[in-house]
Amino acid sequence: MNSYINRVADINKKLEKKSLFLFGPRQTGKSSYIKHQLSQPLLAWSLLDNELYRELSMRPSLLRNTLRAKGIKSGIVVIDEIQRLPDLLNEVHMLIEETDIHFLLTGSSARKLKKQGVNLLGGRAGRLDFHPLVWPEIKNTGRELESIFRTGMLPPSFTSDDSESFLSDYTGLYVREEIEAEREVRNLPPFWEFLRTVATTSGEIMNYENTARDVGISGVSVREWYNILADTLIGFEVPPFRKTRIRKPNASSKFYLFDVGVTRKLQGLSTIEESTAEFGRYFENYIAMEIRSALDYSGYNKEGLSYWHAQGGQEVDFIINEKTAVEVKAARHVSSRDLKGLKAIKEEGLMAEYILVCREGYPQLLDNGILILPYKDFLDKLWSGRFF
């Protein structure tokens, strides 16, 4: 049974200052958030309404005239799926200049807007990316990692009695519609093979040539398809941290899909068994999702998330705002081998904290200054802003 979960994103506070673009993959809960937590909008239009879409396509001034007829000169106005009608942004821009209206403009992708070079309101609107459910929203549900890896964090799946059916529909329908809407992938079967490959390699260092060979397409197409995943927020890139001096870093990025449940379904796995390599990969992917979302919702640049991989093989999974080094291990009992990457980057003396996130039962501060944190403790501290 589906039920609404209160979200931690504070859109109301942002809208008090100026208009806002709210982008997020489908089914992350943007519409439910607006219904349950947004201050009552004076007008709310969805461009999924085909009749309204046709009218606005022919007469963008309909927006201005409707607001004038209703006497709306200030307050909040919502336009959903704005990427369906980029030209409407010219009308929105003029209304922002002439009135005290703050617009909330939602959508699942900014790619079409950017590709068409349309008016993005000249800095008169902020941007927030809306993510699947995050730790502060679900911590009191008692869900453990195995359940999170099964359902993922998309609200309809997380709260459903039949998450498998939802995820099947999502990967087979929602993702297909999202990609087809971009109108840049003309041959879908290779793209589905590409998606499965990305799911299998989520969290690994990107290798365009290997992916192109596995899928049977050009390296140029692989690069563009990765860009489509990033622009539609279905995946995200984690760039390398390059400021170490003792050990030379590699220069390639890692890539993660945006939700562990979607990743599992695309990969064709029914379960993620504990003590397997896959469990460790999904654990890392989950922590990546949380760090990225926390950076975004806290107002920090999510590009503050990077990772470190030295050419000698030493690696640290995440660097947060060039301040905190985070290694992720699914182990219940940490060994000295698990600390190698943190010890190596600690020799550089660049970070304020060095954290090993794991499934130990208790936090521990080692003699060398490395802090071992059970993952729930880490997430509590992450969302409190401790590591920013």
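**Note on the predicted model: sheets, pockets and two residues**

1. Start with helix α15. It lies across β8, β9 (315-320), β10 (324-328) and β11, and runs at about 20° to β9. A second helix, α17 (residues 375-383), also packs on the sheet. Helix α17 touches β9, β10, β11 and β13, and its direction makes about 100° with that of β13. Keep in mind that this is a predicted model.

2. The sheet behind these helices is open and has six strands. Their order is β8-β9-β10-β11-β13-β12, with mixed pairing. The edges are β8 (305-309) and β12 (364-365), each paired on one side only.

3. For a closer look at one pair in that sheet, take strands β11 (residues 353-358) and β13 (residues 371-374). They run parallel and are joined by four bridges. Ile355 stands opposite Leu371 in β13.

4. Back to α15, which spans residues 277-297 and holds Asn285. Is Asn285 buried or exposed? The relative accessibility of Asn285 is 3%, and the cut-off for buried is under 20%, so this residue counts as buried.

5. What does Asn285 touch, leaving aside residues up to four places away in sequence? The list is Ser202, Tyr256, Leu257, Val260 and Thr263. Leu257 deserves a second look. Its backbone oxygen lies 3.4 Å from a polar atom of the Asn285 side chain.

6. Helix α15 also appears at a cavity. The model has two cavities of 30 Å³ or more. The largest cavity has about 130 Å³ of space. Its lining consists of 14 residues. Nearest the centre are His131, Pro132, Phe258, Arg292 and Ser293. Which helix gives the most to this lining? It is α15, with four residues.

7. The other sheet to check is open and built from five strands, in the order β2-β3-β4-β1-β5. Pairing here is parallel. Strands β2 (43-46) and β5 (125-129) form the edges, and each pairs on one side only. From one strand to the next, the twist averages 15°.

8. Within the five-strand sheet, look at β3 (residues 74-80) and β4 (residues 100-107). Six bridges link these two strands in the parallel sense. Ser74 stands opposite Asp100 in β4. Helix α4 (residues 61-69) lies across β2, β3 and β4. The direction of α4 is at about 155° to β2.

9. Now the second largest pocket. It contains about 410 Å³ of space. It is lined by 19 residues, and Gln27, Thr28, Gly29, Ser32 and Pro156 are the closest to its centre. Two elements give two or more residues to the lining: α2 (30-37) and α9 (155-158). Helix α2 gives the most, with three residues.

10. Last, Glu97. This residue lies in helix α5 (residues 88-98). How does its exposure rate? Glu97 has a relative accessible area of 46%, between the 20% and 50% cut-offs, and is therefore partly exposed. Glu97 and Phe149 are 52 residues apart along the chain. Their C-alpha atoms are separated by 46 Å.

Conventions: Residues are numbered from 1 along each chain as its sequence is written. This is a predicted model: local features need pLDDT of at least 70, side-chain atom pairs count only at pLDDT 80 or more; totals for chains, interfaces and linings use all residues. Side-chain values use heavy atoms; hydrogens and water are left out. Buried means under 20% relative accessible area, exposed over 50%, partly exposed in between (1.4 Å probe, protein chains only). A polar contact is a pair of N or O atoms within 3.5 Å; within protein, one must be able to donate a hydrogen and the other to accept it, and residues adjacent in sequence count only if both atoms are side-chain atoms. Contact means heavy atoms within 4.5 Å. Two strands pair if DSSP finds at least two bridges between them. Axes are lines fitted to C-alpha atoms, for helices over the stretch in contact, and angles run from 0 to 180 degrees between N-to-C directions. On a 1 Å grid over the protein atoms alone, a cavity is a set of points where a 1.4 Å probe fits but cannot get out, and a pocket is an open set with protein on both sides within 12 Å along at least five of seven lines; lining residues have an atom within 4 Å of a point. Grid points are joined across faces, edges and corners, and a volume is the space filled by probe spheres set on the points.
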